[in-house]
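Let's walk through this one together, question by question. Have a look at the model before we start.

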Amino acid sequence: MTILLLLIPLSLMLLGAAVWAFIWAVRKGQFDDLDTPALDILREDPPPAPQEPPTDAD
């Protein structure tokens, strides 16, 4: 039963840290655009630029 004297304050501190992290993330704009990152994977990469053949500079 004495373990509760440790676990209850520890859980309250963890809860406080989670709430602080959530509030920090909202204020920093982490949740502003939830659609674009999911659609980025569907976009095709541009074709690579053609490379010139190496020239012999002997």
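**A chat about the chain**

Visitor: What radius of gyration does the chain have, against that of a compact globule of 58 residues?
Guide: Keep in mind that this is a predicted model. A compact globule of 58 residues would come out near 10 Å. The chain, by contrast, has a radius of gyration of 26 Å.

Visitor: And what does the C-alpha trace span along its principal axes?
Guide: Let's put dimensions next to that radius of gyration of 26 Å. Along the principal axes, the C-alpha trace spans about 85 × 35 × 20 Å.

Visitor: How much of the chain is made up of buried residues?
Guide: To count as buried, a residue needs a relative accessible area under 20%. Among the 58 residues, the buried share is 2%.

Visitor: What share of the accessible surface belongs to carbon and sulfur atoms?
Guide: Start from the total, which is about 6100 Å² for the chain. Of that surface, the carbon and sulfur share is 66%.

Visitor: How many helices and strands are there?
Guide: Two elements to look for here are α1, at 4-27, and α2, at 36-40. The tally of secondary structure is zero strands and two helices.

Visitor: What length does α1 reach, from its first C-alpha to its last?
Guide: α1 has 24 residues, and at 1.5 Å a residue the expected figure is 34 Å. The model comes close to that, with α1 reaching 34 Å.

Visitor: Which residue with a positive phi follows α1?
Guide: Step past the end of α1 and check the backbone angles. A phi near 85 degrees turns up there, and it belongs to G29.

Visitor: Is L14 buried or exposed?
Guide: L14 sits in helix α1, and its C-alpha is 15 Å from that of W24, 10 residues away along the chain. The relative accessible area of L14 is 57%, and the cut-off is over 50%, so L14 is exposed.

Visitor: How far apart are the C-alpha atoms of M1 and R27?
Guide: M1 lies in the segment before α1 and counts as exposed at 81% relative accessibility. Along the chain, M1 and R27 are 26 residues apart. In space, their C-alpha atoms are separated by 40 Å.

Visitor: What about P48 and T36, how far apart are their C-alpha atoms?
Guide: P48 belongs to the segment after α2, and with 73% relative accessibility it counts as exposed. P48 and T36 are 12 residues apart along the chain, and the distance between their C-alpha atoms is 23 Å.

Visitor: Why does the aromatic pair of F22 and F31 count as tilted?
Guide: There is one aromatic pair by the ring-centre rule. The ring centres of F22 and F31 are 5.9 Å apart with planes at 40 degrees, so the pair is tilted.

Visitor: Which of F22 and F31 is partly exposed?
Guide: F22 counts as exposed, at 51% relative accessibility. A relative accessible area of 44% makes the partly exposed one F31.

Technical notes
Residues numbered from 1 in each chain as written. Predicted model: local features only at pLDDT ≥ 70, side-chain atom pairs only at ≥ 80, totals over all residues. Heavy atoms only, no water. Phe/Tyr/Trp six-rings, centres within 6.5 Å; stacked < 30°, edge-to-face > 60°. Buried < 20%, exposed > 50% of the residue type's maximum accessible area, 1.4 Å probe, protein only. Helix = DSSP H or I, 4+ residues; strand = E, 2+ residues; numbered from the N terminus. Rg over C-alpha atoms; globule rule 2.2 N^0.38 Å. Areas by Shrake-Rupley, 256 points an atom, 1.4 Å probe, with all protein chains shown as cover. Expected span 1.5 Å × (residues − 1).
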